[in-house]
Amino acid sequence: MAPIFRASLTVALLAWAASCSPNLHQTAFSIAKTPTPPPSFPKFSEPFKPKEFESYQHIARCNAIISSAAPESNSSVTELQLQYTHIVNPNASRTLLFVHGWPGLWSTWSNQILHFSSSYSLVIPNLRGFGASTHPGDVQASGAIHDMTADLACILRDAQVGTVTCIGHDWGAQICWEMARARPDIVEAVAGAVVPYLPSAGPFTPTEALVALLPHLSYQVYFAKETHAAINELNASIRRSLRSVMRSIASPPPSDFLLSLDTFLSSWRHTSYIPAVPFMTAEEEDYLVEQFDKQGFDYTLQFYTNPNRLSYYNYVQSQGNFTIPQPALHIAPTGDPVADWVKAAKLLHASAFIPRLTTATIYAAHWPQLERPDEFNAILDGWLDDIFTPKSTVAAPGTQTGTARTSGEL
């Protein structure tokens, strides 16, 4: 029996040794430690193809107040259908909200969509009255800045997005500044391209009063006083109107552009053909024209009308709070024919109301995100990294070590 016992024991020991093989252990370890690959995320075409994003577009149904500039008129409520593009990056922890200005659309953020969609989720709306987004109907009184911040809050609810960094261009910048002021529960950081924060802390200032200091704002007086004439002028040729505005430093408008108080396009009157938009492909420009054809410019001059401007001023005054406490970035182009925006920000004392403001300049005309996309994106990238990436500190002898966060880390 002893030999059989010894043989059985030997077999058992060999089996046990095989089960404990280093190779088998290494295989088990590798399986346990291999990370789960991140969910796949589509790579979009370059150059930008706006119709490629149709499957990412949605309609939010949002209540809006119908106001009227007519005396003794009553307000009522209607439902707007607001179009927005929502790109969900499954690997991203934060969402960027991009807001266009005049005369923009969601697609005028083309370079930022291609760049930032790999790191963030994105929401890019068409504001009321633009493209497929409907409007209450009265351009004079139903499109104040705070009306549009309410639209954006509704869009974010529809998209099931809780907090965002709001990034705006032109009038979209002022919408973002206001949303940061009024809705700090939604906006964790804010960036404005071109237009600085326009605080409502002082007395109401009619646009006419600003023309002496910023003469290229004369067109805004025309838009405010002769709104319907201006709409008809712009609608006469949508492509020509868009091309007149969307110029670059290398392909500028005539020197007297925007200086008239009674017309918008007169400085182009000796030019039968305005060159194509210099920072768009033919496909992008055609898409822009196609989208503006839906409603024309009928409701897009809402930013300039005196009833809307006064309504917004009174709204902010009634709240009595003019400060934006979040991390903030102003990207000011230095070659914009409309205004010297760095000088304008100083005249407005904008920085006094934004304690965590960073200002960057970029050599571009009115459309820096399109004209100088790489520089624009680098500025925005650096600022986002700075406010959202924890910073390590080296402790002095005898002190505790830890992680220091930037002032913008929320």
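**Confidence first**

Colour the chain by pLDDT: this is a predicted model, and its average pLDDT is 88, with 84% of the residues scoring at least 70. Strand β3 is where confidence is highest, at a mean of 99, while strand β10 (residues 403-404) has the lowest, at a mean of 28.

Now select residues 1-33. Here pLDDT stays under 50, and the model has 3 contacts beyond four places in sequence for this stretch. Then jump to residues 394-410, where pLDDT also stays under 50; for this segment the model has 30 contacts beyond four places in sequence. Keep both stretches in a muted colour while you look at the rest.

**Stop one: S142 and its surroundings**

Select S142 and show its side chain. You are in the loop between β4 (121-125) and α4. Is S142 buried or exposed? Its relative accessibility is 0%, so S142 counts as buried. Follow the side chain of S142 and you arrive at the backbone nitrogen of S67, 2.8 Å away.

Next, display the residues around S142. Leaving out those up to four places away in sequence, S142 touches I65, I66 and S67, then R128, H135 and P136, and finally D147, Q302 and N308. Keep N308 on screen, since the next stop returns to that residue.

**Stop two: H146 in helix α4**

Move on to H146, which lies in helix α4 (residues 145-159). H146 has a relative accessibility of 15%; buried means under 20%, so H146 counts as buried. Draw a distance between the C-alpha atoms of H146 and N308: they are 9.5 Å apart, although 162 residues separate the two along the chain.

Which residues is H146 in contact with, leaving aside its neighbours within four places in sequence? Select S311, Y312 and Y315 to see them.

**Stop three: the disulfides**

Show the cysteines next. The structure holds 2 disulfides. One of them joins C62 to C154, with an S to S distance of 2.0 Å. This pair ties together distant parts of the chain, 92 residues apart: C62 belongs to strand β1 (residues 57-66), and C154 sits in helix α4. So you are back in the helix that holds H146. Look along the S-S bond of C62 and C154: the torsion is about -90°, so this disulfide is left-handed. C62 counts as buried because its relative accessibility is 2%, and C154 counts as buried at 10%.

Now select C166 and C176, whose sulfur atoms are 2.1 Å apart in a disulfide. C166 is in strand β5 (residues 164-169) and C176 in helix α5 (residues 171-182), with their positions 10 residues apart in the chain. The torsion about the S-S bond of C166 and C176 is about -70°, so this disulfide is left-handed. Both C166 and C176 are buried.

How are the bonded cysteines paired when numbered in sequence order? The pattern is 1-2, 3-4.

**Stop four: aromatic rings**

Switch the display to aromatic side chains. Across the whole structure there are 32 aromatic pairs, including F98 with F116. The ring centres of F98 and F116 are 6.3 Å apart and their planes meet at 45°, so the pair is tilted. F98 is in strand β3 (residues 95-99) and F116 in helix α3 (residues 110-116), 18 residues apart in the chain. Strand β3 is also the element with the highest confidence. F98 counts as buried because its relative accessibility is 0%; F116 is buried too, with a relative accessible area of 1%.

For another pair, select F292 and F297. Their ring centres are 5.0 Å apart with planes at 35°, so this pair is tilted. F292 has 2% relative accessibility and therefore counts as buried, and F297, at 1%, counts as buried.

**Last stop: a charge over a ring**

Finish with R94 and F388. What sits over the ring of F388? Turn the view until you look down on that ring, and you will find the charged end of R94, 3.8 Å from the ring centre.

Note on methods. Residues numbered from 1 in each chain as written. Predicted model: local features only at pLDDT ≥ 70, side-chain atom pairs only at ≥ 80, totals over all residues. Heavy atoms only, no water. Helix = DSSP H or I, 4+ residues; strand = E, 2+ residues; numbered from the N terminus. Buried < 20%, exposed > 50% of the residue type's maximum accessible area, 1.4 Å probe, protein only. Contact = heavy atoms within 4.5 Å. Polar contact = N/O pair within 3.5 Å; in protein donor to acceptor, adjacent residues only side chain to side chain. Disulfide = S-S within 2.5 Å. Phe/Tyr/Trp six-rings, centres within 6.5 Å; stacked < 30°, edge-to-face > 60°. Lys NZ or Arg CZ within 6 Å of the ring centre and 35° of its normal. pLDDT = per-residue confidence, 0-100.
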